[in-house]
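Subject: The structure we talked about

Hi,

Here is the structure for you to look at. Have it open while you read, and I'll walk you through what turned up.

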Amino acid sequence: INAPVLANDFANVLQLNFEAQTDYSLSQKAMRGIPPVIARFTYEDHKFEIFGQPLPVEKQYAFRHMQIEYKLLQENDEFFRQQIIALKLKGLSTEEAFAKLLSIKGDPYEGLLLHK
């Protein structure tokens with residue numbers, strides 16, 4: 001797989017489809033050796049982030065985070081879920097909110113992947 005070519009193709013598709021949206025930004029930075037493409041924008045007062053890596057979906061960091069977050073939400077009560085929402089409304093990312101509530105130290109993105 002030619003990862004840089006795939007990343008550039010994905011970035012071009014994102015640019016063509018979302019660059020007119022409010023607060024649009026696109027980043028491509030090396031992340032743990034795998035180049036992700038991240039587009040962020042606002043649409044009808046909702047913030048969106050589109051994250052893609054040249055990997056099968058189940059191996060992408062965003063997907064793995066979602067699986068862990070879903071499991072944690074299932075294992076905890078409604079109060080926990082409301083605390084996550086409150087932290088996100090204060091500006092924390094989903095991973096940062098989970099890390100704060102679970103007392104995960106260091107990088108919240110890596111810490112969440114290691115959380116058992």
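Which residue's side chain meets that of E49 in a salt bridge? The partner is R40, with a distance of 2.7 Å from N to O. Before you go further, keep in mind that this is a predicted model.

How exposed are these two residues? E49 has a relative accessibility of 48%, so it counts as partly exposed, because exposed begins over 50%. R40 is partly exposed as well, at 36%.

The count of salt bridges comes to 3, so there are others to find. One of them joins the side chains of E75 and K71, at 3.3 Å from N to O. Have a look at helix α2, which covers residues 61-75: both partners sit in it, 4 residues apart, or about one turn of the helix. E75 and K71 are both exposed.

Then go to helix α3, residues 78-89, where E78 and R81 lie 3 residues apart, again about one turn of the helix. Their side chains form a salt bridge too, at 2.8 Å from N to O. E78 is partly exposed, with 44% relative accessibility, and R81 is partly exposed at 36%.

Now for the rings. A search of the whole structure gives 3 aromatic pairs. In one of them, the ring centres of F18 and F41 are 4.7 Å apart and the planes are at 15°, so this pair counts as stacked, the cut-off being under 30 degrees. F18 is in helix α1 and F41 is in strand β2 (residues 37-43), so the pair links distant parts of the chain, 23 residues apart.

Is F41 buried or exposed? F41 is buried, because its relative accessible area is 7% and the limit for buried is under 20%. F18, on the other hand, is partly exposed at 25%. If you're following the rings on screen, add F48 to your selection: ring pairs link F18, F41 and F48 into a cluster.

One last spot to click on is A20, in the loop between α1 (3-18) and β1 (22-28). A20 counts as exposed, with a relative accessibility of 76%. How far is the C-alpha atom of A20 from that of Y43? The two C-alpha atoms are separated by 10.0 Å, and the residues are 23 apart along the chain.

Have fun exploring!

Conventions:
Residues are numbered from 1 along each chain as its sequence is written. This is a predicted model: local features need pLDDT of at least 70, side-chain atom pairs count only at pLDDT 80 or more; totals for chains, interfaces and linings use all residues. Side-chain values use heavy atoms; hydrogens and water are left out. A salt bridge is a side-chain nitrogen of Lys or Arg within 4 Å of a carboxyl oxygen of Asp or Glu. Buried means under 20% relative accessible area, exposed over 50%, partly exposed in between (1.4 Å probe, protein chains only). Helices (H or I, at least four residues) and strands (E, at least two) are DSSP runs, numbered from the N terminus. Rings of Phe, Tyr and Trp (its six-membered ring) pair if their centres lie within 6.5 Å; planes under 30 degrees apart count as stacked, over 60 as edge-to-face and the rest as tilted.
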